[in-house]
Amino acid sequence: MAAAVVSPARLVAIVCAAQIFAQIGAYAWPALVPGRIADWGIDNADAGWITGLFYLAYAVAVPVLVTLTDRIDPKRIYLFGVAVTIVGHVCFATVADGFWTAAFARVLAGIGWAGTYMTGLKLLADRVDARLMSRAVAGHALSIGLSGAASFAVAGIFEDLLGWRSVFWVAAGCATAAWLTVAIAAPAQGPRGEPASGRLFDFGPVLRNRSAMAYALAYCVHTWEMNTLRGWGVAFLVWVAASTGQEPWLPATAVVTLVGLAGTWASVAGNEVSIRLGRQRLVRLAMLGSALLAAVIGFLGPFSYALAVALILLYGVVIWLDSSSLTAGAAGSAEPGRRGATLAVHSMLGYAGGFVGPLVMGVVLDLSGGMSTLGWGFAFLHLTVAMLAGRVAFVVLRPQTLAGDRAGD
């Protein structure tokens, strides 16, 4: 029986709805870090490893899974990824009781995310006109951002109501809804156009594409700081409230939820700004702004909970400002037959940064004597160094002007 024809608009709605359900448990662990550190007796570096291993598993799996979409129906890869996500959440809900079991469950969740995040984008990218690519990416980022933000609120609510293990049962149920949505509503589809010649996993042409690599390296440090903030934002705010003796007028999980919502808005708005200001100019400004903010958050935030909240919210907005522009730049710089491979390299480098950032944050905290004003100051300061290095690489590689970009960027 022939597959039903689905309009591009309906396909976007299907994929975005599925992504919201699939990613609802992505940041459940970071939301629970303060309680797990206390109950399990792990240190900051251990917590950083558990956070970072999710992104390392993603970075290792994504070159294989996303590149396969150049030859295999992306829907099949997506359904595999969501299934692994479900297993990872169930494992955390049932067996996690310390470092190793929690790390194993988060590795499974990371592999699952590798099969859903960029694969979901690939479901759309092959069927979107080049001039509309940027807005399509922004819409996809919106669904991911809303879900990521909601994951903190969901974790905080269900931990209070039913205990922390219930958070992962809810996440597994939502991921099951995502699997069913795509399995039933999304049509099967083959690769768009002729596959590029050569071996499937030959990433040489992608690595030689200076424009795509400029965006990929910028995305590496972008994800480095984004996932560090996601991974440690709740712990930082909980510590500020405790150290200042101030009653948190807004729970830390709610603050990080607002960070995700504000960041999602900033990502979409930043994409529109990039159309008028210029993609490359926006990327350079956003990277400089986030580097400056990272240099002061850890030193100034501990003075008051309200100040810490304000700085974290502002930092999140600036971090997310160029998110859509970076991924759209990589997708637009790719050869049509290597778009899957290009997005795979882009995502792999991004989430390699996502692995390193939370881990380095925990290590720096421990080396600085634990959670203190000095410790948090140096821990956030490492993000400034990473961001400035990424900005230099972006400028040196000089990405090309793409269709829809402002001339003279």
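In this predicted model, T384 is in contact (heavy atoms within 4.5 Å) with A291, A294 and A295, its neighbours within four places in sequence being left aside. T384 has its place in helix α16, residues 373-397, where helices (H or I, at least four residues) and strands (E, at least two) are DSSP runs numbered from the N terminus. With a relative accessibility of 10%, T384 counts as buried, a class that covers relative accessible areas under 20%, whereas exposed stands for values over 50% and partly exposed for those in between, with a 1.4 Å probe and protein chains only.

Residues are numbered from 1 along each chain as its sequence is written, and side-chain values use heavy atoms, with hydrogens and water left out. Since the model is predicted, local features need a pLDDT of at least 70 and side-chain atom pairs count only at pLDDT 80 or more, while totals for chains, interfaces and linings use all residues.

The protein chain contains 16 helices and zero strands, and 59% of its 409 residues count as buried. Among the contacts between residues at least 6 apart in sequence, 86% join residues at least 24 apart. The chain exposes about 15000 Å², of which carbon and sulfur atoms supply 69%; accessible areas were obtained by the Shrake-Rupley method with a 1.4 Å probe, and for residues only the protein chains shown count as cover. The average pLDDT, which is the predictor's confidence in each residue on a scale from 0 to 100, is 84 for the protein chain, and 89% of the residues score at least 70. Confidence is lowest in helix α9 (residues 204-207), with a mean of 73, and highest in helix α13 (residues 305-320), with 94.

Burial was then examined for individual helices. Helix α14 (residues 323-333) has 10 of its 11 residues buried, so it is largely enclosed by the rest of the structure. The buried residues of α14 include S323, S324, S325 and L326, as well as S333. S333 is also among the contacts of S211, which touches S333, P399 and Q400 when neighbours within four places in sequence are left aside. S211 is found in helix α10 (residues 210-244) and is buried, at 3% relative accessibility. Helix α6 (residues 117-125) is mostly covered, nine of its nine residues being buried; among them are Y117, M118 and K122.

Several loop residues lie at short C-alpha distances from residues remote in sequence, as the following pairs show. I24, in the loop between α1 (8-22) and α2, is buried at 11% relative accessibility. I24 touches S147, A150, S151, V154, A171 and C174, not counting residues up to four places away in sequence, and its C-alpha atom is 8.9 Å from that of A172, although 148 residues separate the two in sequence. P187, placed in the loop between α8 (164-185) and α9, is likewise buried, with a relative accessible area of 14%; P187 and L11 are 176 residues apart in sequence and 8.4 Å apart from C-alpha to C-alpha. R71, in the loop between α3 (44-67) and α4, counts as partly exposed, at 36% relative accessibility, and is 269 residues from G340 in sequence but 9.1 Å from G340 in space, C-alpha to C-alpha.

Helix α4 (residues 74-95) has 22 residues, which at 1.5 Å a residue should span 32 Å, and its end C-alpha atoms are 32 Å apart, in agreement with that value; the expected span is 1.5 Å times one less than the number of residues. At the start of α4, a side-chain oxygen of D73 reaches to within 3.0 Å of the backbone nitrogen of K75.

The count of salt bridges, each a side-chain nitrogen of Lys or Arg within 4 Å of a carboxyl oxygen of Asp or Glu, comes to one. This salt bridge joins D39 and R36, with the closest N and O atoms 2.9 Å apart. D39 and R36 are three residues apart in helix α2 (residues 28-40) and are therefore separated by about one helical turn. An α-helix has 3.6 residues a turn, so residues three or four places apart point the same way. The partners nevertheless fall into opposite burial classes, as D39 is exposed, with a relative accessible area of 56%, whereas R36 is buried, at 5% relative accessibility.

Notes
A polar contact is a pair of N or O atoms within 3.5 Å; within protein, one must be able to donate a hydrogen and the other to accept it, and residues adjacent in sequence count only if both atoms are side-chain atoms.
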